[in-house]
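I opened a new entry for this chain today. My plan is to start from a single side chain and work outward.

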Amino acid sequence: GILHYVDRPLNCFPSLHVCLAWLGAWHCIARRSTLRIVMNAWAIVVSASILLTKQHSLADLGGGFTLAVV
């Protein structure tokens, strides 16, 4: 649609959406928060959604995850 025409998938590496989602999930795990299940699910959904919207590639996802780990 028009969003894919206007929003070109350039300069997407690494995906900060993925990086920040996983950092948030790991923060909840480290603090033994009751939100850890929700945050892990959220990080998985964010990771899948960047590919399903076709605005990122698998390399962007991997780069975002790697950045979160580092």
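**Entry 1: Leu67.** The model is predicted. I looked up how much of Leu67 is accessible and got a relative accessible area of 39%. Buried means under 20% and exposed means over 50%, so I log Leu67 as partly exposed at its 39%. I then checked where the residue sits: Leu67 is found in helix H4, residues 58–69.

**Entry 2: the patch.** Which residues form a nonpolar patch on the surface with Leu67? I found Leu16, Leu20 and Leu23. Together, the four leucines have about 370 Å² of accessible area. I also asked which helix gives the most to this patch. It is H2, which spans residues 16–30 and supplies 3 residues. Leu67 comes from H4.

**Entry 3: H2 against H4.** The patch took me to the packing of these two helices. I read an angle of about 40° between H2 and H4, and their axes are 7 Å apart. Roughly parallel would need an angle under 35 degrees, so I enter H2 as oblique to H4. I noted the hand of the H2 and H4 crossing as well: it is right-handed.

**Entry 4: Val69.** I stayed on H4, since Val69 also has its place there. Is Val69 buried or exposed? Its relative accessibility is 54%. The cut-off for exposed is over 50%, so Val69 counts as exposed. Next I looked up Val69 against Trp26. The two are 43 residues apart in sequence. In space, their C-alpha atoms are 9.7 Å apart.

**Entry 5: H2 against H3.** I turned to the other packing of H2 on my list. Helix H3 covers residues 36–52. The axes of H2 and H3 come within 8 Å. They cross at roughly 165°. An angle over 145 counts as roughly antiparallel, so I record H2 as roughly antiparallel to H3. The crossing of H2 and H3 is left-handed, whereas that of H2 and H4 is right-handed.

**Entry 6: the whole chain.** Last, I stepped back to the overall layout. I counted 4 helices and 0 strands in the protein chain. Along the sequence, the pattern reads α-α-α-α. What share of the chain counts as buried? I get 27% of its 70 residues. Neither of my two H4 residues is in that share: Leu67 is partly exposed, and Val69 is exposed.

Methods
Residues numbered from 1 in each chain as written. Predicted model: local features only at pLDDT ≥ 70, side-chain atom pairs only at ≥ 80, totals over all residues. Heavy atoms only, no water. Patch = residues over 30% accessible without salt bridge, like charges linked within 9 Å, V, L, I, M, F, W, Y side chains within 5 Å. Areas by Shrake-Rupley, 256 points an atom, 1.4 Å probe, with all protein chains shown as cover. Salt bridge = Lys/Arg side-chain N within 4 Å of Asp/Glu carboxyl O. Buried < 20%, exposed > 50% of the residue type's maximum accessible area, 1.4 Å probe, protein only. Axes fitted to C-alpha atoms, helices over the stretch in contact; angles between N-to-C directions. Parallel < 35°, antiparallel > 145°, perpendicular 65-115°, else oblique. Left-handed = near helix turned anticlockwise from the far one by under 90°.
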